Amino acid sequence: MPDVTGKILEKAKKKIHALDPSIQINVSYAYDKNVGKGKVVGQSIAKGVYFTKKQIPSISLTVSKGKKPSATVRPKPDGQEAAPPDYKVNGDDDLVTIPLE
């Protein structure tokens, strides 16, 4: 199996199908702060695995959605703020800290 990590999804699919057009390619998406949007960040079959045609029914590729966007407070349509400015979103777990009065 070729290493398709770092390649744009369509090029990765072409490279795999050039070896065996019968392989079904399953795609999932995940945020990745180090790899640009649309590039493969993972594959379920390791590079270098030897196979013959029709031996491998499918492979799963994980494609980067790019860097996870930071949460922002957006105003409501009527111009009021959606949340007071002292509310805080904490890290990657999207917890919101709401101060008690």
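Helix α1 lies across strands β1, β2 and β3, and runs at about 155 degrees to β1. This is a predicted model of a chain with one helix and five strands. From the N terminus on, the order of elements is α-β-β-β-β-β.

**Chain totals**

- The chain has 101 residues, of which 21% count as buried.
- About 7,500 Å² of the chain is exposed, and carbon and sulfur atoms supply 53% of that area.
- Taking contacts between residues at least 6 apart in sequence, 62% join residues at least 24 apart.

**Sheet**

- Three strands form an open sheet in the order β1-β3-β2, and the pairing is mixed.
- Strands β1 and β2 stand at the edges; each has a single partner strand, so one side of each is left without a neighbour in the sheet.
- From one strand to the next, the twist averages 30 degrees.
- In general, the strands of a sheet pair through backbone hydrogen bonds, in either the parallel or the antiparallel sense.
- The parallel pair here is β1 (residues 24–30) with β3, joined over seven bridges.
- N26 has S60 in β3 as its bridge partner.
- The antiparallel pair is β2 (residues 40–43) with β3, joined by three bridges.
- G42 has T62 in β3 as its bridge partner.

**Nonpolar core**

- The largest nonpolar core has 14 residues, and M1, I16, I23, I59 and L61 are the ones that touch the most other members.
- Two or more residues of this core come from each of α1 (9–19) and β3 (58–64).
- Nonpolar side chains tend to be buried together in soluble globular proteins.
- With neighbours within four places in sequence left aside, I16 is in contact with M1, V4, I23, I25, I59 and L61.

**I59**

- I59 belongs to strand β3.
- I59 counts as buried because its relative accessible area is 1%, where the cut-off for buried is under 20%.
- Leaving out neighbours within four places in sequence, the contacts of I59 include M1, I16 and I23, along with Q24, I25 and N26.
- Q43, S44 and I45 are also in contact with I59.
- I25 and I59 are 34 residues apart along the chain, yet their C-alpha atoms are separated by 5.2 Å.

**S64**

- S64 also has its place in strand β3.
- The residue S64 is buried, at 2% relative accessibility.
- The S64 side chain reaches the backbone oxygen of G36 at 3.4 Å.
- Not counting residues up to four places away in sequence, S64 touches A30, D32, V35, G36, K37, G38, K39 and V41.

**Points to take from the model**

- Which strand lies between β1 and β2 in the sheet order? Strand β3 does, as the order β1-β3-β2 shows.
- Which residues that touch the most other core members are in contact with I16? They are M1, I23, I59 and L61.

Note on methods
Residues are numbered from 1 along each chain as its sequence is written. This is a predicted model: local features need pLDDT of at least 70, side-chain atom pairs count only at pLDDT 80 or more; totals for chains, interfaces and linings use all residues. Side-chain values use heavy atoms; hydrogens and water are left out. Helices (H or I, at least four residues) and strands (E, at least two) are DSSP runs, numbered from the N terminus. Buried means under 20% relative accessible area, exposed over 50%, partly exposed in between (1.4 Å probe, protein chains only). Contact means heavy atoms within 4.5 Å. Accessible areas come from the Shrake-Rupley method with a 1.4 Å probe; for residues, only the protein chains shown count as cover. A nonpolar core is a set of buried Ala, Val, Leu, Ile, Met, Phe, Trp, Tyr and Cys residues joined through side-chain atoms within 4.5 Å. Two strands pair if DSSP finds at least two bridges between them. Axes are lines fitted to C-alpha atoms, for helices over the stretch in contact, and angles run from 0 to 180 degrees between N-to-C directions. A polar contact is a pair of N or O atoms within 3.5 Å; within protein, one must be able to donate a hydrogen and the other to accept it, and residues adjacent in sequence count only if both atoms are side-chain atoms.
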